[in-house]
Amino acid sequence: MLTIYSNAHRLHHATELKDGVLKPCFEMPSRADTILARVQAVGLGEVIAPREFGSASYARVHSERYVRFLEQAWHEWQALGRQHDALPLIWPVRDLRSDIEPQHIDGKLGFYAMDAGVAITAGTWQAVKSSADLALTGMAALLQGTPSAFALCRPPGHHAAAEYMGGYCYLNNAAIAAQHALDNGAKRVAVLDVDYHHGNGTQSIFYDRADVLFSSLHGDPRDSYPYFLGHRDETGAGAGLGFNHNYPLPHGTGWDGYAAALQHACDAIAAYAPDVVVISLGVDTFKDDPISHFQLESADFLKIGQTIAGIGRPTLFVMEGGYMVDDIGVNAVNVLRGFEGQR
Ligand code: OKP
Ligand code: ZN
């Protein structure tokens, strides 16, 4: 399988609040390095660099002012003499006004964020741009006839919606790639999200559309991040009614419960007959993941790949989460090898 990778991810290494103090994010550079090492160790296939696409491609699913905010946030922060990570700390919840964009960077950060898990640093925009370009380059390869590709994205993207970042995500790489397919001749795209956390950003972006089927298997939002989206009764709106499928699963879910939901999701995707499939590939469903609550074993990731292969369509894998760094390479690449029919 073709892999698309860039060292630019290393420019983003941020902090988050853990146990009451700022510490390095679970979403750290060694994640991508470990996955790349495994891709090379098993000889998965060619590894290529991304092409540069630019903001217009990102603004097909994000608002222009949001993309501009991401691009400029660090400069505005730094202009105030601040050198530490920029973090949102106030949000326009419920009856606060969200129709006026604040001018001060402290207000803007909250206006464009759903949580405080999205620090912006000096290198964040460059890494974020490159991550989206990896997904776009992978989709471009599919559109040229490559049967499958792996965009080794970092930072991840599936929590980012049209106008907000959250949960380590800034640009929604999977959504940007899906839209790129539609903009280049595809009629229908399916996005299947197997990250432990609900892909709230992807759901939100495509919620009222029938040209993208979004399916997500995840920890039930009643007791898992992102808490405020991902319930079973969210089935789409307007023209998109029936094209959003959520499979919330309880803490402790192992292969049997997972496999049943995955097969159901893949059967519905096959019936939709998409021109291309985008997989939001998170491996934080692993039993030893430090922030998640499923019980999948490394060998189960091979079976995830096999089940996805059953859909039988051109497939782009876009890397999302997975925080047990020791095993993340084996687990992520197992999905890809399972898809290719290797054990
Ligand atoms: C991003 B992705 C840990 C809190 C973690 C954010 C989780 C973001 C997950 N103490 N909160 O979906 O893997
Ligand atoms: Zn996750």
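Begin with the aromatic side chains of this predicted model, where a search of the whole structure finds 14 aromatic pairs. From among these, select Y58 and W125: their ring centres stand 6.3 Å apart and their planes meet at 80°, and because an angle over 60 degrees counts as edge-to-face, the pair belongs to that class. Colour the two helices next, since Y58 belongs to helix α2 (residues 55–58) and W125 to helix α5 (residues 124–143), so that the pair links distant parts of the chain, 67 residues apart.

Move now to ligand 1, which sits in the largest pocket. Select the residues around ligand 1, namely H158, H159, G167, Y168, D195, H197, Y225, D284, I291, G321 and Y323, and, if you colour this shell by residue class, you should find that it divides into 4 nonpolar, 5 polar and 2 charged residues.

Which side chains of the shell place a polar atom beside an oxygen atom of ligand 1? Start with H158, where a polar side-chain atom lies 2.6 Å from an oxygen atom of the ligand, and then turn to D284, whose side chain brings a polar atom to 2.9 Å from a ligand oxygen. Selecting H197 shows another such approach, with an N or O atom of its side chain 3.1 Å from an oxygen atom of ligand 1. With these contacts displayed, consider the surface of the ligand as well: taken alone, ligand 1 exposes 410 Å², and the protein buries 79% of that.

Keep Y225 selected, as this residue is one of those around ligand 1, and extend the selection to P226, because the backbone is worth a look here. The peptide bond from Y225 to P226 is cis, with omega near 10°, and P226 has its place in the loop between β7 (212–219) and β8 (244–249).

A cis peptide bond also joins R154 and P155, and its omega is about 0°. To find this site, follow the chain into the loop between β5 (148–151) and α6 (173–182), where P155 lies.

End the tour at R94, in the loop between α3 (64–78) and α4 (105–111). What is the sign of phi at R94? Phi of R94 is near 30°, which is a positive value in a residue other than glycine.

Technical notes:
Residues numbered from 1 in each chain as written. Chains lettered and ligands numbered in written order. Predicted model: local features only at pLDDT ≥ 70, side-chain atom pairs only at ≥ 80, totals over all residues. Heavy atoms only, no water. Near = heavy atom within 4 Å. Polar contact = N/O pair within 3.5 Å; in protein donor to acceptor, adjacent residues only side chain to side chain. Areas by Shrake-Rupley, 256 points an atom, 1.4 Å probe, with all protein chains shown as cover. 1 Å grid on protein atoms, 1.4 Å probe; cavity = no way out; pocket = protein on both sides within 12 Å on 5 of 7 lines; lining within 4 Å. Sits in = over half its atoms within 2 Å of the grid points. Nonpolar A, V, L, I, M, F, W, Y, C, P; charged D, E, K, R; others polar. Phe/Tyr/Trp six-rings, centres within 6.5 Å; stacked < 30°, edge-to-face > 60°. Helix = DSSP H or I, 4+ residues; strand = E, 2+ residues; numbered from the N terminus.
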